Amino acid sequence: MAAHAGEKAQKTGDFYCAHCDEKVHVTAGDTIPKCPNGHSEYGTRRNEPGNA
Ligand SMILES: [Zn+2]
């Protein structure tokens with residue numbers, strides 16, 4: 001499920017930028033930041049707890 005910068009993360013995990021594949025770690029309840037290259041659209045979240 002895609003996510004965008006400015007949205008609240010519903011779960012802790014790593015988002016990968018849809019444009020440059022940069023990884024951004026977010027904690028549940030935090031606002032999703034822009035990627036280091038300034039993009040705001042993310043693809044699938046990975047590394048969710050319980051999936052390791
Ligand atoms: Zn990016």
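This passage walks through a predicted model of a protein chain with a zinc ion, from the overall fold to the metal site and the loops around it.

The overall layout is a good place to begin. The protein chain contains four strands and zero helices, and its elements follow one another from the N terminus in the order β-β-β-β. Of the 52 residues in the protein chain, 23% are buried. About 3,500 Å² of the protein chain is exposed, and carbon and sulfur atoms account for 44% of that area. Contacts across the sequence also help to picture the fold: among those between residues at least 6 apart in the protein chain, 46% join residues at least 24 apart.

The zinc ion offers a natural next stop. Its protein donors are the SG atoms of C17, C20 and C35 together with the ND1 atom of H39, and they lie 2.0 to 2.3 Å from the metal. Along the chain, these donors of the zinc ion are spaced as C-x2-C-x14-C-x3-H. The site brings together distant parts of the chain, since C17 belongs to strand β2 (residues 13–17), whereas H39 sits in the loop between β3 (23–26) and β4 (41–46), 22 residues away. Around the zinc ion, the four donor atoms subtend angles of 105 to 117°, and the arrangement is therefore tetrahedral; the cut-off for this description is that all angles lie between 85 and 135 degrees.

How do the donor residues compare in their exposure to the surroundings? C17 has a relative accessible area of 3% and counts as buried because the cut-off for that class is under 20%. C35, at 4% relative accessibility, is buried too. H39 is partly exposed, with a relative accessibility of 27%. As for bonds between cysteines, a search of the whole structure finds zero disulfides. In general terms, a disulfide is a covalent bond that joins the sulfur atoms of two cysteines.

Strand β2, which ends at C17, deserves a closer look. Five of its five residues are buried, so β2 is largely enclosed by the rest of the structure. Its partner is β3: the two strands run antiparallel and are joined by four bridges. Within this pairing, G13 stands opposite V26 in β3. The two sides of β3 can be told apart by their cover, with V24 and V26 on the covered face and K23 and H25 on the uncovered one.

Together, β2 and β3 form a hairpin, with five residues between them. Two residues of this connecting loop, D21 and A18, are described here. D21 has a phi near 65°, a positive value in a residue other than glycine. With a relative accessible area of 46%, D21 is partly exposed. A18 is likewise partly exposed, at 45% relative accessibility. When residues up to four places away in sequence are not counted, A18 touches E41, Y42 and G43. For one of these partners, G43, the C-alpha atom is separated from that of A18 by 5.0 Å, although the two residues are 25 apart along the chain.

The loop between β3 and β4 holds P36 as well as the zinc donor H39. P36 is exposed, with a relative accessible area of 60%. Which residues does P36 contact once its neighbours within four places in sequence are left aside? The contacts are with E22 and V24. The C-alpha atoms of P36 and V24 are 8.1 Å apart in space, and the residues are 12 apart in sequence. V24 itself belongs to the covered face of β3.

Definitions and conventions: Residues numbered from 1 in each chain as written. Predicted model: local features only at pLDDT ≥ 70, side-chain atom pairs only at ≥ 80, totals over all residues. Heavy atoms only, no water. Donors = N, O, S within 2.8 Å, 3.2 Å for Na, K, Ca; no water. Tetrahedral: all angles 85-135°; square planar, octahedral: opposite > 155°, others 65-115°. Buried < 20%, exposed > 50% of the residue type's maximum accessible area, 1.4 Å probe, protein only. Contact = heavy atoms within 4.5 Å. Areas by Shrake-Rupley, 256 points an atom, 1.4 Å probe, with all protein chains shown as cover. Disulfide = S-S within 2.5 Å. Pairing = 2+ DSSP bridges.
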